[in-house]
Amino acid sequence: MTTKQQPLNSGFGATTTAREALGNTRLDGMVAIVTGGYAGIGLETTRALQAAGATVIVPARTPDKARAALTGWERVELEQLDLIDPASVDAFASRFLASGRPLHLLINNAGVMAGPLRRDARGFESQFATNHLGHFQLTARLWPALKQANGARVVCLSSRGHFFSGVDFEDPFFQQRPYDPWVAYGQSKTANILFAVGLDARGEAHRVRAFAVHPGGILTELVRSMPEEEVRASIENSNKIEPLKTPEQGAATTVWCATSPQLAGKGGVYCENVDIAVMAPTDATVRRGVKDFAVDPKRADRLWSASEAWTGVRFNP
């Protein structure tokens, strides 16, 4: 059953916090993984889930930094993971699978934004490699644990930045076309949405549902590679759409998608402001809702096949 890309009128909104989105829901006995769950909205996502009783594994590229942020937190486990390194992804997933635990919630939260052109060891552009391919491989490797949960949810952090670009299947890694950091970022965020669409279609039979999320405009460490004047312009542009959110407000849609009973039996949709988003008009000039190219099942299938080829990793539903 395909979930309609239209709001549920959830009763929440742009200023809802993660704790408000969670409400009285308890997560005792559940296991969650939150990539990048030690800074910004990832930290607030970790805080909300563990406060509700979940055990939260936080894989980090810089464990010392994560340790400083999370020391003393109950039911939080720190791990090593570098999403741009396929061997690191495999090693982390192997360690988790060896624990024998089911995985109830996978929050693909970590990401990079609008940096200069960098490539991974395979020659892949770094934003696409980190934001999409790393999480694609991670989810594939953790698939047995997601199925074992008998009712798992996967949340893929995207952005209204997906408006900047669809996935260019002819030259995704900027080997021929000029590199534009915002086009590269937009492409990676569209890929995050298409991945949620593809994953939900494949996971529904195994009670694994997937959602894509725009958290809102939030000033976090994502801007670290941007020049100061570009950060100011980005804030100004974001405020024209809606006011900047706090990190706790930014984590609200993630937490809602991961836990809300309002989404029982649903999946494969793009959400913002703690509700399913509207479809953006074809000629939209304001970045609200989701573009049709980002939720197109045919494009999702094409990206799925291409991602398996690029990573050499196949899902085995």
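Biologist: What makes up the lining of the second largest pocket, by class?

Modeller: This is a predicted model, and in it that lining has 7 nonpolar, 6 polar and 4 charged residues. In total, 17 residues line the second largest pocket. Glycine counts as polar here, and Gly268 is among the residues that lie nearest the pocket's centre, along with Thr2, Val197, Ala201 and Pro297. The space in this pocket comes to about 280 Å³.

Biologist: Which helix gives the most to the lining of the second largest pocket?

Modeller: That is α7, with 5 residues. Both α7 (181–203) and α11 (297–311) supply at least two residues each to this lining.

Biologist: Let's turn to the cysteines. How do you know how many disulfides the structure holds?

Modeller: A disulfide needs two cysteine sulfur atoms within 2.5 Å, and the structure holds 0 of them. Take cysteine 156: the nearest cysteine sulfur belongs to cysteine 257 and is 10 Å away, so with a cut-off of 2.5 Å, cysteine 156 is in no disulfide. For cysteine 257, the nearest cysteine sulfur is that of cysteine 271, at 3.6 Å. With the cut-off at 2.5 Å, cysteine 257 is therefore in no disulfide either.

Biologist: Is cysteine 156 buried or exposed, and why?

Modeller: Cysteine 156 counts as buried because its relative accessibility is 3%, and buried means under 20%. Cysteine 257 is buried too, with a relative accessible area of 0%.

Biologist: Why is helix α10 called largely enclosed by the rest of the structure?

Modeller: Helix α10 covers residues 252–259, and 8 of its 8 residues are buried, so the helix is largely enclosed. The buried residues of α10 include Trp256, Cys257, Val255 and Ala258.

Biologist: Why does histidine 206 count as partly exposed?

Modeller: Histidine 206 has 26% relative accessibility. Buried means under 20% and exposed means over 50%, so at 26% histidine 206 falls in between and counts as partly exposed. Histidine 206 sits in the loop between α7 and β6 (208–214). Its C-alpha atom is separated by 7.7 Å from that of glycine 151, although the two residues are 55 apart along the chain.

Biologist: Now the strands. What makes β3 and β8 the edge strands?

Modeller: The open sheet has 8 strands in the order β3-β2-β1-β4-β5-β6-β7-β8, with mixed pairing. β3 (76–80) and β8 (275–276) each pair on one side only, and they are the edge strands.

Biologist: How do you know that β1 pairs with β2?

Modeller: Pairing asks for at least two bridges between the strands. β1 and β2 (residues 55–60) have 3 bridges, in the parallel sense, so they qualify as a pair. One spot to look at is valine 31, which stands opposite threonine 55 in β2. β1 also pairs with β4 (residues 105–108) in the parallel sense, again over 3 bridges, and there isoleucine 33 has leucine 106 as its bridge partner. Further along, 5 bridges join β2 to β3, which run parallel, with alanine 60 opposite glutamine 80 in β3.

Biologist: What makes a right-handed β-α-β unit here?

Modeller: The unit consists of β1, helix α2 (residues 40–51) and β2. With the strands pointing away from you, the path from β1 over α2 to β2 runs clockwise, so the unit is called right-handed.

Biologist: How do you know that both faces of β1 are covered?

Modeller: In strand β1 (residues 31–34), Val31 and Ile33 lie on one side, Ala32 and Val34 on the other, and all of these are buried.

Key. Residues are numbered from 1 along each chain as its sequence is written. This is a predicted model: local features need pLDDT of at least 70, side-chain atom pairs count only at pLDDT 80 or more; totals for chains, interfaces and linings use all residues. Side-chain values use heavy atoms; hydrogens and water are left out. On a 1 Å grid over the protein atoms alone, a cavity is a set of points where a 1.4 Å probe fits but cannot get out, and a pocket is an open set with protein on both sides within 12 Å along at least five of seven lines; lining residues have an atom within 4 Å of a point. Grid points are joined across faces, edges and corners, and a volume is the space filled by probe spheres set on the points. Helices (H or I, at least four residues) and strands (E, at least two) are DSSP runs, numbered from the N terminus. Buried means under 20% relative accessible area, exposed over 50%, partly exposed in between (1.4 Å probe, protein chains only).
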